[in-house]
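Student: I would like a close look at a single part of this protein, followed outwards into its surroundings in one connected account. Please take it slowly, and keep to what the model can show.

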Amino acid sequence: MSAVTLRCEPAPSRFHGRLRIAAGPRDLRDLHQAAPLRALFPRVAAEEPLTACLTNTAGGLVGGDVLEVAVEAEPGARLLVMAQAAEKVYRSLGPDVRMTVSLSAGAGAWLEWLPQETILFDAARLRRLTTLNVAPGARALAGEMVVFGRTAHGETVKTGLLRDAWEVRLGGRLVWMDALHLDTPLRAPLDHPAGFGGAVAAATAVCVGDGLEDLRDGVRALAGRESVLRGATVVGGVLVVRWLGRDAAALRADFAGVWSWLRQAAGGLPEKLPRLWHV
């Protein structure tokens, strides 16, 4: 096994967490982490990719915090990066939380970016940009989930900001981009039938690789849940799957079912999610 470069930095007074992971065809090539971001590497079955489990040791994010994550699956690598727990974005008195996620898959690589929920408290302010760069011959599956408020506590999100943007490039060429922008007041777009229609959770997954039309048809054929709306389409060489849910737990379960099916159909991996994702 080749040597791994490990660099750690102490936590500043206002969090600016940074994490870089690079995986080669056989092992981890580089790991750079600055608090509060940390990566753990659980033991997995032989048929699973190298798996990194991300954790935020701060326990949540407040206004002014910054997180930067860079993940690279080098040519021929197989890498799964997942979150250990839901990310909580707390109430802010003004400053935004800023998150950037940069994902890269080299030729012949398989890359998964598997999220847990991002829970927005009332008056939270979050700006997130996820970029996915996929080389010819690579395959990738990436997603995000957002929950509006602590639904188990009956919390209703009335104010705040969410800007959740995506950029997908194939061979260096921008082929798909999208941005969800919600700003105070939030109840009108969240409740309106032409908006979120009363949904308390939303999710997006994107898949890049071969046979996207067949994957789209397969996702559409999967059984759904009564409180969850799901749609799938192919645009610009990208399979895009969307969810809206009136029940956050039901949306999470449907998301898990679709993801499990996609990783098997697109990546030839076991049709199940890591046990840690269910903890």
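Student: In which loop is the place of E155?

Tutor: The model is a predicted one, and every value below is computed from it. E155 is placed in the loop that runs between β13 (139–148) and β14 (161–170). Although E155 is in a loop, it counts as buried, because its relative accessibility is 19% and the cut-off for buried is under 20%. The side chain of E155 is joined to that of R150 by a polar contact of 2.8 Å. When neighbours within four places in sequence are left aside, the contacts of E155 are L120, F121, D122, F148, G149 and R150.

Several of these contacts lead to the next feature. L120, F121 and F148, which E155 touches, are also among the residues that line the largest cavity. The rest of that lining is made up of A124, V157, T159, G160, L161, L162 and L186. The volume of the largest cavity is about 50 Å³, and the count of cavities of 30 Å³ or more comes to one. By residue class, the lining of this cavity holds eight nonpolar and two polar residues, with no charged ones.

From the enclosed space we can turn to the open ones. The largest pocket holds about 350 Å³ of space. It is lined by 26 residues, of which L54, A83, A85, E87 and M99 are the closest to its centre. The elements that each give two or more residues to this lining are β5 (50–56), β6 (66–73), β7 (78–83), β8 (87–89), β9 (97–105), β10 (110–114) and β11 (117–120). In this pocket the lining divides into 14 nonpolar, seven polar and five charged residues.

The second largest pocket has a volume of about 290 Å³. Its lining has 13 residues, and those closest to its centre are R43, V44, P274, R275 and L276. At least two residues of this lining come from β7, and at least two from α4 (275–278); β7 is thus also named among the elements of the largest pocket's lining. Eight of the lining residues of the second largest pocket are nonpolar, one is polar and four are charged.

For another buried acidic side chain to set beside E155, look at D254, which lies in helix α3. D254 counts as buried because its relative accessibility is 5%, while E155 is at 19%. A polar contact of 2.7 Å joins the side chain of D254 to that of W243. Apart from residues up to four places away in sequence, D254 touches A223, G224, R225, V228, R230 and W243.

The helix that carries D254 can be described in the same manner. Helix α3 covers residues 248–267, and its 20 residues should span 28 Å at 1.5 Å a residue, so the 27 Å between its end C-alpha atoms agrees with that expectation. Most of α3 is covered, with 15 of its 20 residues buried. At the N-terminal end D247 acts as the cap, with a side-chain oxygen 3.0 Å from the backbone nitrogen of A249. Just after the helix, G268 takes a positive phi of about 70°.

To return to the part you asked about, E155 is a buried loop residue whose side chain makes a polar contact with R150, and L120, F121 and F148 are among its contacts.

Technical notes:
Residues are numbered from 1 along each chain as its sequence is written. This is a predicted model: local features need pLDDT of at least 70, side-chain atom pairs count only at pLDDT 80 or more; totals for chains, interfaces and linings use all residues. Side-chain values use heavy atoms; hydrogens and water are left out. On a 1 Å grid over the protein atoms alone, a cavity is a set of points where a 1.4 Å probe fits but cannot get out, and a pocket is an open set with protein on both sides within 12 Å along at least five of seven lines; lining residues have an atom within 4 Å of a point. Grid points are joined across faces, edges and corners, and a volume is the space filled by probe spheres set on the points. Ala, Val, Leu, Ile, Met, Phe, Trp, Tyr, Cys and Pro count as nonpolar, Asp, Glu, Lys and Arg as charged, and the others, Gly among them, as polar. Helices (H or I, at least four residues) and strands (E, at least two) are DSSP runs, numbered from the N terminus. The expected span of a helix is 1.5 Å times one less than its number of residues. Buried means under 20% relative accessible area, exposed over 50%, partly exposed in between (1.4 Å probe, protein chains only). A polar contact is a pair of N or O atoms within 3.5 Å; within protein, one must be able to donate a hydrogen and the other to accept it, and residues adjacent in sequence count only if both atoms are side-chain atoms. Contact means heavy atoms within 4.5 Å.
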